[in-house]
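Have the sequence and the 3D view open while you read. We'll walk through the strands, then the packing inside, then the links between side chains.

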Amino acid sequence: MKTPCKILFNLIGIAVIATFSSAAVAKETQSIKFSQGSVVGTVEGQIVSGEHENWYQFKAQKGQYAVINLLPKADSPETANVGVLYMPSKQQIGGKGGIVYQGCLPEDGKYKLRIARNLMATEGKIAGYRAEIIILPQYTSEELCD
């Protein structure tokens, strides 16, 4: 039989685990919108103090030519300059600032873009960014992807 102290201790432990588990849940992934007939989608945002990344997603087809460019946001104390593209199969490619990806997309499906701050080169202030995502249609991409 458990004593009241052991029961209380177990309840506190469960409450602490539940609190940290809910705090660790990632922010919602936002969709990158392309206007009808447009090949360019743009997102502009910021990573607030205490956070490290934002996530975006878009759908594309194998063989579409894409360019993802990560730029600084004006009037922001720091820049989120790390971009990583996750393929539908979970493979990833990316780097720091500038052109994060340029080439023919290798798979059909939902791609995710992670934009993050460089933890070794920032002071944890608000980090702004602007990302341009260019995805050419299949018929235009064929010549570039052969």
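Two strands count as paired when DSSP finds at least two bridges between them. Keep in mind, too, that this is a predicted model. With that in hand, look for an open sheet of five strands, in the order 1-3-9-6-7, with mixed pairing. Strand 1 and strand 7 (92–96) are the edge strands, each pairing on one side only.

**Walking across the sheet**

Start at the edge with strand 1 (residues 30–31). This strand runs parallel to strand 3, and two bridges hold the pair. If you want a spot to find by eye, S31 has Q57 of strand 3 as its bridge partner.

Next comes strand 3 itself. Is strand 3 mostly enclosed or mostly open? Six of its eight residues (53–60) are buried, so the rest of the structure largely encloses this strand. On its other pairing, strand 3 meets strand 9 (residues 109–116) in the antiparallel sense, over eight bridges. There, A60 sits opposite G109 of strand 9.

Move on, and strand 9 is joined by five bridges to strand 6 (residues 82–86), the two running antiparallel. L85 is the residue that faces L113 of strand 9 here. Strand 6 then pairs with strand 7, again antiparallel and over five bridges, with Y86 standing opposite Q92 in strand 7. Strand 6 and strand 7 make a hairpin with five residues between them, and K90 in that turn has a positive phi of about 80 degrees.

A general point helps when you look at any of these strands. In a regular strand, side chains alternate between the two faces of the sheet.

**What packs inside**

Now for the greasy part. The largest nonpolar core has 23 residues, and F58, I68, L85, L105, I115 and I133 are the ones touching the most other members. Several strands chip in at least two residues each: strand 2 (40–47), strand 3, strand 4 (65–71), strand 8 (98–104), strand 9 and strand 10 (127–135). Which strand gives the most to this core? That would be strand 10, with five residues.

Apart from this core lies another one, of five residues, including V82, V84, Y86 and A116.

Take F58 as a guide to the main core. Leaving out residues up to four places away in sequence, F58 touches I32, F34, I68, L85, L105, G109, K110, Y111, I133 and I135.

**Ties between distant parts**

How many disulfides does the structure hold? There is one, formed by C104 and C145 with their sulfur atoms 2.0 Å apart. C104 belongs to strand 8 and C145 to helix 2 (residues 138–145), so the bond ties together parts that are 41 residues apart in sequence. The torsion about the S-S bond is about -105 degrees, so this disulfide is left-handed. As for exposure, C104 is partly exposed at 27% relative accessibility, and C145 is also partly exposed, at 24%.

Charged side chains add further links. Side chains of opposite charge can pair when their charged atoms come close. A search of the whole structure turns up four salt bridges, and here are some of them.

| Salt bridge | Closest N and O atoms |
|---|---|
| R130 and E44 | 3.6 Å |
| E53 and R114 | 2.6 Å |
| E78 and R117 | 3.1 Å |

R130 is in strand 10 and E44 in strand 2, so this pair connects parts that are 86 residues apart in sequence. R130 is partly exposed, with a relative accessible area of 29%. R130 and E44 also belong to a network of salt bridges that takes in E132.

E53 lies in strand 3 and R114 in strand 9, so the pair ties together parts that are 61 residues apart in sequence. E53 is partly exposed, at 27% relative accessible area.

That leaves E78 and R117. Are E78 and R117 buried or exposed? Both are buried. E78 is in strand 5 (residues 78–79), while R117 is in the loop between strand 9 and strand 10, so the pair links parts that are 39 residues apart in sequence.

Conventions: Residues numbered from 1 in each chain as written. Predicted model: local features only at pLDDT ≥ 70, side-chain atom pairs only at ≥ 80, totals over all residues. Heavy atoms only, no water. Buried < 20%, exposed > 50% of the residue type's maximum accessible area, 1.4 Å probe, protein only. Helix = DSSP H or I, 4+ residues; strand = E, 2+ residues; numbered from the N terminus. Core = buried A, V, L, I, M, F, W, Y, C linked by side-chain atoms within 4.5 Å. Contact = heavy atoms within 4.5 Å. Disulfide = S-S within 2.5 Å. Salt bridge = Lys/Arg side-chain N within 4 Å of Asp/Glu carboxyl O.
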